[in-house]
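User: I am new to reading protein models and would like to go through this one step by step. Could you take my questions in turn?

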Amino acid sequence: MAFWMTTLIFVLVGVFASLVVRLCCNRGPSVNLLHLTLVITATICCWMMWAIVYLAQFKPLIVPILNEGE
């Protein structure tokens, strides 16, 4: 549940940031497209970084081995 909730938050932040860039940076069609592309790319990269770290906690690559005395 937490994964999908945070993914929804990233989508909402990405949409909000795209709207802010579209409203605040009116300098021409090519510049607007560049800013929009950068915002979308940054949002996707941040989400992917979060998702990889979050999902890596389910099954770590190095499994700790406990001693019988512990």
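User: How many aromatic pairs does the count come to?

Analyst: This is a predicted model, so the answer describes computed positions. Rings of Phe, Tyr and Trp are taken as a pair if their centres lie within 6.5 Å, and by this rule the count comes to six aromatic pairs.

User: How are the ring planes of phenylalanine 3 and tryptophan 50 arranged: stacked or edge-to-face?

Analyst: The centres of the two rings, those of phenylalanine 3 and tryptophan 50, are 5.5 Å apart. The pair joins distant parts of the chain, since phenylalanine 3 belongs to helix α1 and tryptophan 50 to helix α2, 47 residues apart. Planes under 30 degrees apart count as stacked, and because the planes of this pair are at 25°, the arrangement is stacked.

User: Which direction does α1 take relative to α2, roughly parallel or roughly antiparallel?

Analyst: Helix α1 covers residues 2-24 and helix α2 covers residues 29-56, and their axes come within 9 Å and cross at roughly 165°. Angles over 145 degrees count as roughly antiparallel, and therefore α1 is, relative to α2, roughly antiparallel.

User: How many residues of the contact of α1 with α2 are nonpolar?

Analyst: On the α1 side the contact includes Phe3, Phe10 and Val21, and on the α2 side Leu36, Trp47 and Trp50 are among the residues met. The residues of this contact include six polar and no charged, while the number of nonpolar ones is 14.

User: What percentage of residues 32-56 is helix?

Analyst: UniProt, in an unreviewed entry, lists residues 32-56 as "transmembrane region". In the model the end C-alpha atoms of this span lie 36 Å apart, its strand content is 0%, and its helix content is 100%.

Terms used: Residues numbered from 1 in each chain as written. Predicted model: local features only at pLDDT ≥ 70, side-chain atom pairs only at ≥ 80, totals over all residues. Heavy atoms only, no water. Axes fitted to C-alpha atoms, helices over the stretch in contact; angles between N-to-C directions. Helix = DSSP H or I, 4+ residues; strand = E, 2+ residues; numbered from the N terminus. Parallel < 35°, antiparallel > 145°, perpendicular 65-115°, else oblique. Contact = heavy atoms within 4.5 Å. Nonpolar A, V, L, I, M, F, W, Y, C, P; charged D, E, K, R; others polar. UniProt positions renumbered as here; feature names shortened; annotations may be inferred. Phe/Tyr/Trp six-rings, centres within 6.5 Å; stacked < 30°, edge-to-face > 60°.
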